[in-house]
Amino acid sequence: MGNLQIPTDMHLVMGLAPVADAFSGTVYSDIIEVAGQGMGFVIFKGAGATGTSTVTVEACSTIAAAATAAVAFWYKRIGTTDSGWTAATSAGFTTTAAASDIYHIAVAADVIGVTGYAYVRLKMVESVDDPVLGGILAYVYGGRFTPQPASLID
C-alpha cells in the first residue's frame, strides 16, 4: 500500500458547516483555543461565481469573544492553479469572484499570543452580495499533547 505518513499533530474542527449562501453578511467560524503551534483554516467555495468576502483572522479573549483583535496571517488560493503563500495584514484580503475555490489560511500561535488572547476565529464580511455555497474547516497544528498509542504494548 505504500509508505503513508499520516500527520498526528493536527486536530480538525468544523469551523462552519457547508451551506448555501454560507458567507452572507458577516460570518464567523467557531472560536477555537490555540493549543498548539498555530491554527489553520480552509475555506471551500462551491457554486457562486460572483460573490466575494473580506477575510480576517481575529484573536479572541474568551470562547465567547468578549474582546477581539484582528491579526496578520498567511493565505493561499487554490483555484485552477495554486497561488503560493501570501502575507496578509490584520486588514485581511478579499476572496476572488470564482466558484470551486479553496483558501488555506495559517496563523502562528505566537501571533495570537502577542494579543494576550488564547482563542481565534475566522471572520468573513460579504463584499459582493451573491450566494456562495461553502464552509470552513479549521485545525490546530503542533499540539502540545501527543496522541495516546492504540496499544500500551506498542
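**Note on the predicted model**

1. Aspartate 21 sits in the loop that runs between S1 and strand S2 (26–28), and in this predicted model the residue has a positive phi of about 55° although it is not a glycine. Because its relative accessibility is 30%, which falls between the 20% and 50% limits, aspartate 21 counts as partly exposed.

2. Alanine 65 also deserves a look, since this residue, likewise not a glycine, has a positive phi of about 55°. Alanine 65 is placed in the loop between S5 and strand S6 (68–71), and with a relative accessibility of 17% it counts as buried, the limit for that class being under 20%.

3. As to the overall plan, the protein contains one helix and twelve strands, and along the sequence these follow the pattern β-β-β-β-β-β-β-β-β-β-α-β-β. The protein has 154 residues, of which buried residues make up 37%. If one takes the contacts between residues at least 6 apart in sequence, 79% of them join residues at least 24 apart.

4. On confidence, the mean pLDDT of the protein is 88, and 88% of its residues reach 70 or more. Among the elements, the lowest mean pLDDT, 89, belongs to S1, whereas the highest, 98, belongs to S6.

5. Which residues have the most contacts inside the largest nonpolar core? They are Met39, Phe41, Ile43 and Ile105, in a core of 30 residues. The elements that give two or more residues to this core are strands S1 (10–19), S4 (38–45), S5 (52–60), S7 (73–78), S10 (101–108), S11 (119–128) and S12 (134–141), together with helix H1 (109–113). In soluble globular proteins, nonpolar side chains tend to be buried together.

6. Phenylalanine 41 may be examined on its own: when residues up to four places away in sequence are not counted, it touches Ser29, Ile32, Tyr103, His104, Ile105, Val120, Arg121, Leu122, Ile136, Leu137, Ala138 and Tyr139.

7. Methionine 14, by contrast, is a residue of strand S1 that counts as exposed, because its relative accessibility is 53% and the limit for that class is over 50%. Not counting residues up to four places away in sequence, methionine 14 touches Asp30 and Ile136. Its C-alpha atom is separated by 9.6 Å from that of phenylalanine 41, although the two residues are 27 apart along the chain.

8. How many cavities of 30 Å³ or more does a search of the whole structure find? The search finds one, and the largest cavity has a volume of about 40 Å³. The residues that line the largest cavity are Phe23, Lys45, Gly51, Thr52, Ser53, Thr95, Met124 and Val132, and by class this lining has three nonpolar, four polar and one charged residues.

9. Threonine 95, one of the residues in that lining, is found in the loop between strand S9 (93–94) and S10. Is threonine 95 buried or exposed? It is buried, because its relative accessible area is 5%, and the limit is under 20%. Leaving aside its neighbours within four places in sequence, threonine 95 is in contact with Lys45, Gly51, Thr52, Ser53, Val55 and Tyr103; the cavity lining also includes Lys45, Gly51, Thr52 and Ser53.

Definitions and conventions. Residues are numbered from 1 along each chain as its sequence is written. This is a predicted model: local features need pLDDT of at least 70, side-chain atom pairs count only at pLDDT 80 or more; totals for chains, interfaces and linings use all residues. Side-chain values use heavy atoms; hydrogens and water are left out. A nonpolar core is a set of buried Ala, Val, Leu, Ile, Met, Phe, Trp, Tyr and Cys residues joined through side-chain atoms within 4.5 Å. Buried means under 20% relative accessible area, exposed over 50%, partly exposed in between (1.4 Å probe, protein chains only). Helices (H or I, at least four residues) and strands (E, at least two) are DSSP runs, numbered from the N terminus. Contact means heavy atoms within 4.5 Å. On a 1 Å grid over the protein atoms alone, a cavity is a set of points where a 1.4 Å probe fits but cannot get out, and a pocket is an open set with protein on both sides within 12 Å along at least five of seven lines; lining residues have an atom within 4 Å of a point. Grid points are joined across faces, edges and corners, and a volume is the space filled by probe spheres set on the points. Ala, Val, Leu, Ile, Met, Phe, Trp, Tyr, Cys and Pro count as nonpolar, Asp, Glu, Lys and Arg as charged, and the others, Gly among them, as polar. pLDDT is the predictor's confidence in each residue, from 0 to 100.
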